[in-house]
Amino acid sequence: FSLTSSLSSQGKMCDAIDFGLGVLEQLGETFPSNLDDDEVISDYVVRTSTMLAELDVEDVLKKEMIQDESEMFVMQLLGNMVVHSYAGRPRLCPGVSSRMV
């Protein structure tokens, strides 16, 4: 998180995003290179909406917390990337935030 935060605080938001996406890829969370394409954005949003429509609030509340440290790190980095993408490349934000769900 330190490097992405450092890059973003230096005004290098796109570098922070690219670095974060690279780290996520090394951790097995790959994103398509055209993540900012309208069809790709739509696909992410529709799939996430469909998945959430099948759950009710009680199902979500009953889910176990993430125990695996690697998975927890991925979620924390994704959360960090949502902020960076919203500020630096807003069209990436739906794909990144959908992956968190």
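**View 1. The aromatic rings form zero pairs with one another in this structure.** For a pair, the ring centres of Phe, Tyr and Trp (its six-membered ring) would have to lie within 6.5 Å, with planes under 30 degrees apart counted as stacked, over 60 as edge-to-face and the rest as tilted. This is a predicted model, in which local features need pLDDT of at least 70 and side-chain atom pairs count only at pLDDT 80 or more, while totals for chains, interfaces and linings use all residues. Residues are numbered from 1 along each chain as its sequence is written, and side-chain values use heavy atoms, with hydrogens and water left out.

**View 2. The whole chain has six helices and zero strands.** Helices (H or I, at least four residues) and strands (E, at least two) are DSSP runs, numbered from the N terminus. Read from that end, the order of elements is α-α-α-α-α-α. The C-alpha trace spans about 40 × 35 × 20 Å along its principal axes. Of the 101 residues, 29% count as buried; here buried means under 20% relative accessible area, exposed over 50% and partly exposed in between (1.4 Å probe, protein chains only).

**View 3. Arginine 99 meets both a carboxylate and an aromatic ring.** What does the charged end of arginine 99 sit over? It sits over the ring of phenylalanine 31, at 4.2 Å from the centre. To count, NZ of Lys or CZ of Arg must be within 6 Å of the ring centre and within 35 degrees of the ring normal. The side chain of arginine 99 also joins that of glutamate 29 in a salt bridge, at 2.9 Å from N to O. Glutamate 29 belongs to the loop between α2 (13-26) and α3, and arginine 99 to helix α6 (residues 93-100), so this pair ties together parts that are 70 residues apart in sequence. Glutamate 29 is partly exposed, with a relative accessible area of 23%, and arginine 99 is partly exposed with 23% as well.

**View 4. A salt bridge joins aspartate 38 and arginine 91.** Their side chains come to 2.3 Å, N to O. The link runs between distant parts of the chain, from aspartate 38 in helix α3 to arginine 91 in the loop between α5 (69-88) and α6, 53 residues apart. Aspartate 38 counts as exposed because its relative accessibility is 54%, whereas arginine 91, at 41%, counts as partly exposed. The structure as a whole has four salt bridges, each defined by a side-chain nitrogen of Lys or Arg within 4 Å of a carboxyl oxygen of Asp or Glu.

**View 5. Within helix α3, arginine 47 pairs with aspartate 43.** The closest N and O atoms of this salt bridge are 3.0 Å apart. Both residues lie in helix α3, with their positions four residues apart in numbering, or about one turn of the helix. Arginine 47 also lies over the face of tyrosine 44, at 5.1 Å from the ring centre. Aspartate 43 is partly exposed at 37% relative accessibility, and arginine 47 is partly exposed at 49%.

**View 6. Five side chains make a nonpolar surface patch.** Met51, Leu52, Leu55, Val60 and Val101 together have about 390 Å² of accessible area, computed by the Shrake-Rupley method with a 1.4 Å probe, where for residues only the protein chains shown count as cover. Patch members have over 30% relative accessible area and no salt bridge; nonpolar side chains (Val, Leu, Ile, Met, Phe, Trp, Tyr) are joined within 5 Å, and like charges within 9 Å. Methionine 51 is part of helix α3 (residues 38-53) and is partly exposed, at 37% relative accessibility.

**View 7. The structure has zero disulfides.** A disulfide would need a pair of cysteine sulfur atoms within 2.5 Å. How far from cysteine 14 is the nearest cysteine sulfur? That sulfur belongs to cysteine 93 and is 14 Å away. Cysteine 14 is partly exposed at 36% relative accessibility, while cysteine 93 is buried at 12%.

**View 8. Helix α6 holds the buried residue valine 96.** Its relative accessible area is 1%. Valine 96 and glutamine 10 are 86 residues apart in sequence, with their C-alpha atoms 22 Å apart in space. Serine 42, in helix α3, has its C-alpha atom 8.7 Å from that of proline 94, 52 residues away along the chain. Serine 42 is partly exposed, with a relative accessible area of 38%.
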